[in-house]
Amino acid sequence: MALISCPECDHQVSDTALKCSQCGMQLRKPRRSIIGKFFKWGFILFNLLMAIWMFSYFGFIGESMNGATSEAEQAGTAIGSTLGVGMLLVFWALGDVILGLFVMFTRPKS
Ligand SMILES: [Zn+2]
């Protein structure tokens, strides 16, 4: 363990300390644990995947709307896709809340 001097008050502090014991100046950024990193990237990846899924789903709706020959078929596609999008959004929101909580719990303490 080495001692370094605080850039703010020149107080000698351990180089493993996150904050200066004298003035409370932040010396190092707290590191996120591996689990924390895992959840953080999982959260980003999840949102990315959901966005891609949403886009491809809208493309699919557009195609089936164009392919629908009768009005009944169009209405069916419209209802079906509305339900599909609604479920997708609920799933997205739920995933975000759950993953977001994990990201918050695994956040580094300063
Ligand atoms: Zn200091």
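The following paragraphs lead from the overall division of the chain to individual residues. The model under discussion is predicted.

The domain assignment divides the chain into two parts: domain 1 covers residues 1-30, and domain 2 covers residues 31-110. Taken over C-alpha atoms, the centres of domain 1 and domain 2 are 43 Å apart.

Within the range of domain 1, attention may turn to Asp10. This residue is placed in the loop that joins strand E1 (3-5) to strand E2 (12-14). The phi angle of Asp10 is near 65 degrees, which is a positive value in a residue other than glycine. Is Asp10 buried or exposed? Asp10 has a relative accessible area of 57%, and because the cut-off for exposed is over 50%, Asp10 counts as exposed.

Domain 2 begins at residue 31, and helix H1 spans residues 34-67. Helix H1 contains 34 residues, and the distance from its first C-alpha to its last is 48 Å, close to the 50 Å expected at 1.5 Å a residue.

Which residues of H1 are buried? They are Gly36, Phe39, Phe46, Asn47, Met50, Met54 and Ile61. The cover over these buried residues includes helix H2, which runs over residues 71-105.

Another residue of helix H1 is Ile52. Its relative accessible area is 51%, and Ile52 is therefore exposed, since the cut-off is over 50%. Together with Leu45, Leu48 and Leu49, Ile52 makes a nonpolar surface patch of about 410 Å². Helix H1 thus presents both buried residues, such as Phe46, and an exposed one, Ile52.

Methods: Residues are numbered from 1 along each chain as its sequence is written. This is a predicted model: local features need pLDDT of at least 70, side-chain atom pairs count only at pLDDT 80 or more; totals for chains, interfaces and linings use all residues. Side-chain values use heavy atoms; hydrogens and water are left out. Patches are made of residues with over 30% relative accessible area and no salt bridge: like charges are joined within 9 Å, nonpolar side chains (Val, Leu, Ile, Met, Phe, Trp, Tyr) within 5 Å. Accessible areas come from the Shrake-Rupley method with a 1.4 Å probe; for residues, only the protein chains shown count as cover. A salt bridge is a side-chain nitrogen of Lys or Arg within 4 Å of a carboxyl oxygen of Asp or Glu. Helices (H or I, at least four residues) and strands (E, at least two) are DSSP runs, numbered from the N terminus. Buried means under 20% relative accessible area, exposed over 50%, partly exposed in between (1.4 Å probe, protein chains only). Domain bounds come from an automatic or database domain assignment. The expected span of a helix is 1.5 Å times one less than its number of residues. Contact means heavy atoms within 4.5 Å.
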